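Here is a short walk through one structure, written for someone meeting it for the very first time. Take a look at the sequence and the model, then read on.

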Amino acid sequence: MSRRDEYVERMKQQLDELNAQIDELEKKADKSEADLKATYREQLAELRELSAAARKKLEDLRTASEHRWDLLMAEAEKIQKAFVHSFNYFRSQLK
């Protein structure tokens, strides 16, 4: 497996793990008080959007030419970090 394939696979695994954790957090959020539930739903929607953006960038990486790989990798890492940061923040706020 090439370095590129390893990177894409590692990123995919992390996204899969975070999405599974989001599903669990969503179940927990559904059990929260009504006034917090709406806020949690908005934050979960934002997390899902970030996840979709990261998945899109991952697909771009898979099909990128060597010429565009470095640029796309930097963009993918930026999106991935934003997603992880937002996920961790949401998890810390969930009561």
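## Charged pairs between helices

Let's start with E26 and R41, whose side chains come together in a salt bridge, 3.5 Å from N to O. This pair links distant parts of the chain: E26 sits in helix α1 and R41 in helix α2, 15 residues apart. Before going further, keep in mind that this is a predicted model. As for how open the two partners are, E26 counts as partly exposed at 24% relative accessibility, and R41 is partly exposed too, at 39%.

A second bridge joins R48 to D23, with the closest N and O atoms 2.8 Å apart. Here R48 belongs to helix α2 and D23 to helix α1, so the pair ties together parts that are 25 residues apart in sequence. R48 has a relative accessible area of 31%, which makes it partly exposed, and D23 also counts as partly exposed, at 35%.

Then there's K56, which forms a salt bridge with D60, the closest N and O atoms lying 2.8 Å apart. This one stays inside a single helix: K56 and D60 are four residues apart in α2, separated by about one helical turn. Going back to the earlier residues, salt bridges that share partners join D23, E26, D30, R41 and R48 into one network.

How many salt bridges turn up in a search of the whole structure? The count is 12. Here are the three described above, side by side.

| Salt bridge | Closest N to O distance |
|---|---|
| E26 and R41 | 3.5 Å |
| R48 and D23 | 2.8 Å |
| K56 and D60 | 2.8 Å |

## Helix α1 and its buried residues

Now for α1 itself. With 28 residues, α1 reaches 41 Å from its first C-alpha to its last, which is close to the 40 Å expected at 1.5 Å a residue. Which residues of α1 are buried? They are R4, Y7, V8, M11, L15, L18, N19, I22, L25 and A29. What do these buried residues pack against? They pack against α2 and α3.

I22 makes a nice close-up. It lies in helix α1, which covers residues 3-30, and at 0% relative accessibility I22 counts as buried. Leaving aside neighbours within four places in sequence, I22 is in contact with L44, L47, R48, F83 and F87. One of these contacts can also be followed along the backbone: the C-alpha atoms of I22 and L44 are separated by 7.6 Å, although the two residues are 22 apart along the chain. And R48, another contact of I22, is the residue that bridges to D23.

## The nonpolar core

The largest nonpolar core has 23 residues, and L47, L61 and F90 touch the most other members. The elements that give two or more residues to this core are α1, α2 (34-63) and α3 (66-93). Which of them gives the most? That's α1, with eight residues.

L61 shows what being so well connected looks like. Not counting neighbours within four places in sequence, L61 is in contact with R4, Y7, V8, M11, W69, L72, M73 and A76.

## Rings that meet edge to face

Two of the residues that L61 contacts, Y7 and W69, are also partners of each other. A search of the whole structure finds two aromatic pairs. Y7 and W69 form an edge-to-face one, 5.9 Å centre to centre with 85 degrees between the planes. Y7 is in helix α1 and W69 in helix α3, so the pair ties together parts that are 62 residues apart in sequence. Are these rings buried or exposed? Y7 counts as buried at 13% relative accessibility, and W69 counts as buried at 5%.

The rings of Y40 and F90 have their centres 5.7 Å apart and their planes at 90 degrees, so this pair is edge-to-face as well. It links distant parts of the chain, with Y40 in helix α2 and F90 in helix α3, 50 residues apart. Both Y40 and F90 are buried.

## A serine in the loop

Y40 also leads us to a last stop, S32, which touches K37 and Y40 when residues up to four places away in sequence are not counted. S32 is found in the loop between α1 and α2. With a relative accessible area of 14%, S32 is buried. Its side chain reaches the backbone oxygen of A29 at 2.5 Å, and A29 is one of the buried residues of α1.

Definitions and conventions. Residues numbered from 1 in each chain as written. Predicted model: local features only at pLDDT ≥ 70, side-chain atom pairs only at ≥ 80, totals over all residues. Heavy atoms only, no water. Buried < 20%, exposed > 50% of the residue type's maximum accessible area, 1.4 Å probe, protein only. Contact = heavy atoms within 4.5 Å. Core = buried A, V, L, I, M, F, W, Y, C linked by side-chain atoms within 4.5 Å. Salt bridge = Lys/Arg side-chain N within 4 Å of Asp/Glu carboxyl O. Expected span 1.5 Å × (residues − 1). Polar contact = N/O pair within 3.5 Å; in protein donor to acceptor, adjacent residues only side chain to side chain. Phe/Tyr/Trp six-rings, centres within 6.5 Å; stacked < 30°, edge-to-face > 60°.
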